[in-house]
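Thank you for making time for this today. I would like to walk you through one model slowly, so please keep the sequence and the 3D view open while I talk.

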Amino acid sequence: MTEPLVKVRDLAVHFPVEKGLFFKKTVAHVRAVDGVSFDIYPGETLGLVGESGCGKSTLGRAILQLIRPTAGKVFFQGEDLTQLRGEALRDARCDFQIIFQDPYGSLNPRMTVGDIVGEPLKIFNIVRGKAWERRVQELFGLVGLDPKFIRRYPHEFSGGQRQRIGIARALALNPKFIVADEPISSLDVSIQAQILNLMMDLQKQLNLTYLFIAHDLAAVRHVSSRVAVMYLGKVVEVADRNEIYAAPKHPYTRALLSAVPLPDPEIQKKRQRIVLQGDVPSPLTPPPGCPFHTRCPEALHHCSLDVPKFKDYGVGHFVSCHLMEK
């Protein structure tokens, strides 16, 4: 296999909890991301799934250094992004971008959509004048919007059109890697399919690499090459898309997939739904050992004592579970 484009090693993001009105004191930390490692290869889409609040968006932003990690390393094309500062990090940002979740809140209402899409070109001083306008119109055409719209404002567009504008902005600098942070979660179902197909077409056309963050398992299966499953700040399973949907190994992954409705009613009737008991523990006070053991129907005694190792159990199927070691 080729060398990874992105390598994440033991990445952690802990947010301090402070107490006191004038003399603030850190009394605890929210462990939003807690020791995550995986690779993303050129041209692939790695789907990242998990319950709301498990740390998916924080992980995506930490990879791009929009949130500075507490610990760990992120290598992009062999360069450790966590060591870059100032101008060096700014220059590196040409090669990686983000598509935000909210197409309404991520666009400045005081700027025309042409200025929004073309702003990166001005910031990095790539093109000016007529060449700038031609490039912006080209980007609009690339995402399926009429180039004549560049002088309109965001409020004049629908949610799906705004997300296309956000995609065009992400493509302005010809990046190699894009973090798509739940890009379809706030859109109508019919529009979701259009945005997914657009992203897949652009990936083939421009040779893009995606980290696709979502909680819609059907959408992730449609677009992803591999899938990573996250629970309470940790990645518990990573495998090929077909492998993880056909033979999930972690109990949490099996519970997630059992909730996905199947199109065949006969198979759906026979399938057993795995209902997890209890609530997700707080990232302020995560449980010792395996983070999932408090809700796991198959938990062993030492699951509450030792953190399971994240190991490859064949064909690139990584799992963090004591049940695999039996």
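What follows is a short tour of some charged side chains and how they pair.

Before anything else, please keep in mind that this is a predicted model. As general background, side chains of opposite charge can pair when their charged atoms come close. If we take a salt bridge to be a side-chain nitrogen of Lys or Arg within 4 Å of a carboxyl oxygen of Asp or Glu, the count for this model comes to twelve. I will go through some of them, and spend a little longer on one residue.

Let me begin with D80, which has its place in strand 5, residues 79-80. Is D80 buried or exposed? Its relative accessibility is 11%, and because buried means under 20%, D80 counts as buried. The side chain of D80 meets that of K73 in a salt bridge, with 3.4 Å from N to O, and K73, at 35% relative accessibility, counts as partly exposed. D80 also has a polar contact of 2.6 Å, side chain to side chain, with T82. If we leave aside the neighbours of D80 within four places in sequence, the residues in contact with D80 are K73, V74 and F75, so K73 appears here again as the salt-bridge partner of D80.

The next pair sits within a single helix. E87 and R90 both belong to helix 2, residues 86-92, where they are three residues apart, or about one turn of the helix. Their closest N and O atoms are 3.2 Å apart, and the two residues form a salt bridge. R90 counts as partly exposed, with a relative accessibility of 30%.

Now to a pair that reaches across the sequence: which parts does the salt bridge between E298 and R254 tie together? The side chains of these two residues meet at 2.7 Å, N to O. E298 lies in the loop between helix 10 (265-270) and strand 11 (310-312), while R254 lies in helix 9 (residues 251-258), so the pair ties together parts that are 44 residues apart in sequence. Both ends count as partly exposed, E298 with a relative accessible area of 35% and R254 at 24% relative accessibility.

Finally, salt bridges need not be looked at one pair at a time when residues are joined in a group, and here R31, D34 and K234 are linked in a network of salt bridges. With that, I am happy to go back to any of these residues in the 3D view.

Key: Residues are numbered from 1 along each chain as its sequence is written. This is a predicted model: local features need pLDDT of at least 70, side-chain atom pairs count only at pLDDT 80 or more; totals for chains, interfaces and linings use all residues. Side-chain values use heavy atoms; hydrogens and water are left out. Buried means under 20% relative accessible area, exposed over 50%, partly exposed in between (1.4 Å probe, protein chains only). Helices (H or I, at least four residues) and strands (E, at least two) are DSSP runs, numbered from the N terminus. A polar contact is a pair of N or O atoms within 3.5 Å; within protein, one must be able to donate a hydrogen and the other to accept it, and residues adjacent in sequence count only if both atoms are side-chain atoms. Contact means heavy atoms within 4.5 Å.
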